[in-house]
Structure formats: C-alpha cells, structure tokens
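Here is a protein model to read. Short questions follow the structure, each with a reasoned answer.

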Amino acid sequence: MKDAINNSSSWDISESTEALDNRENSVSLGQCPKCGAGVVDKTKLYGCSAYNKNGCDFIVSKRLLGKKISETNIKKLLSSGKTNLIKGFKGKSEFNAYLTWKEKSQGTITFQFEKQKRKQHVN
C-alpha cells in the first residue's frame, strides 16, 4: 500500500473519474437531434450530454468504416445536416461519401455518395 501511494505521482491517468462525471459540462458541439440537449465529445464517440438526466441515447462513433469522424464534421452534421465529403470509407470497396440524416428525429445517419464525374470521350 505504501509503495502504491509513493508511486502514484508517476501514474499515467488519462481521465479521472471526476472528468468522466463532468462530461455533461463539456463544450457542446451542437444540438442533439433527439432531445435538443448538447452533443459532447465522450472520448470514443460523440453523444448527448443529457444521457444521465433523461436517458437520451444519441451517439455517433468517432470511427466509422475505418475513418475518423472529426469534430468539425460532427458540428457540420448537427448544424446543417451534412458533413464535408469524407474520403476513404472502407466497405466492400473503398468509397467517398457525406454523412447525412437518415431519420433526424431518431438520430440515425446514412451515407450520401459522391457524384461520379463522367469521363468525356474524345473521338
């Protein structure tokens, strides 16, 4: 026990319990589409800050099909309903797409695929 106390100053604690409990007070990235509370960064996902108060289960993973979903893109989705074009999603084949609302009131998202440019044939 004494060794633990003596060595505790060297422990790498990335997030304290207090920090986890205070996530509701984190900076809001936008309005939750399900309940209207703020959406905050919750380490591995973006989620509703009112989860503990009203049980709102809105979340968006920070990684989707091999791509990191940036804070900038989550803010754009929450404010305008569409992210920037995200390149390199990995499904059956690699693709580029925007994230948009499938059913905003349910907090579900879908892909809006990039329009393919037609190649012009020169004869």
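The questions below move from the overall fold to single residues.

This is a predicted model, in which local features need pLDDT of at least 70 and side-chain atom pairs count only at pLDDT 80 or more, while totals for chains, interfaces and linings use all residues. Residues are numbered from 1 along each chain as its sequence is written, and side-chain values use heavy atoms, with hydrogens and water left out.

Q: How many helices and strands are in the protein chain?
A: Helices (H or I, at least four residues) and strands (E, at least two) are DSSP runs, numbered from the N terminus. Along the sequence they follow the pattern α-α-β-β-β-α-β-β-β-α-β-β-β. The count is 4 helices and 9 strands.

Q: Which strands stand at the edges of the open sheet of 4 strands?
A: Two strands pair if DSSP finds at least two bridges between them. The sheet has the order β1-β2-β3-β4, with antiparallel pairing. Two of these strands each have a single partner, so one side of each is left without a neighbour in the sheet: β1 (30-31) and β4 (59-61).

Q: In β4, which residue is the bridge partner of Gly-47?
A: Strand β3 covers residues 45-48. It pairs with β4 in the antiparallel sense over 3 bridges. The partner of Gly-47 in β4 is Ile-59.

Q: Which residue in the turn between β8 and β9 has a positive phi?
A: Strand β8 (residues 94-103) and strand β9 (residues 108-113) pair in the antiparallel sense over 6 bridges. One bridge joins Leu-99 to Phe-111 in β9. The two strands form a hairpin with 4 residues between them. The positive phi, about 75 degrees, belongs to Gly-107.

Q: How many disulfides are there?
A: A disulfide is a pair of cysteine sulfur atoms within 2.5 Å. For Cys-32, the nearest cysteine sulfur is that of Cys-56, 3.6 Å away, and Cys-32 is in no disulfide. The sulfur of Cys-35 is 3.5 Å from the closest one, in Cys-48, too far for a bond. The count is 0.

Q: Is Cys-32 buried or exposed?
A: Buried means under 20% relative accessible area, exposed over 50%, partly exposed in between (1.4 Å probe, protein chains only). Cys-35, at 35%, is partly exposed. Cys-32 has 3% relative accessibility, so Cys-32 counts as buried.

Q: Which strand supplies the largest share of the largest nonpolar core?
A: A nonpolar core is a set of buried Ala, Val, Leu, Ile, Met, Phe, Trp, Tyr and Cys residues joined through side-chain atoms within 4.5 Å. The largest has 20 residues, and those with the most contacts inside it are Cys-48, Phe-58, Ile-74, Leu-78 and Phe-89. At least two residues each come from β3, α4 (71-80), β7 (86-90) and β8. The largest share, 4 residues, comes from β8.

Q: Which side chain does a polar contact of 2.7 Å join to that of Lys-62?
A: Lys-62 lies in the loop between β4 and β5 (63-64). Its relative accessible area is 15%, so Lys-62 is buried. A polar contact is a pair of N or O atoms within 3.5 Å; within protein, one must be able to donate a hydrogen and the other to accept it, and residues adjacent in sequence count only if both atoms are side-chain atoms. The side chain joined to that of Lys-62 belongs to Asp-41.
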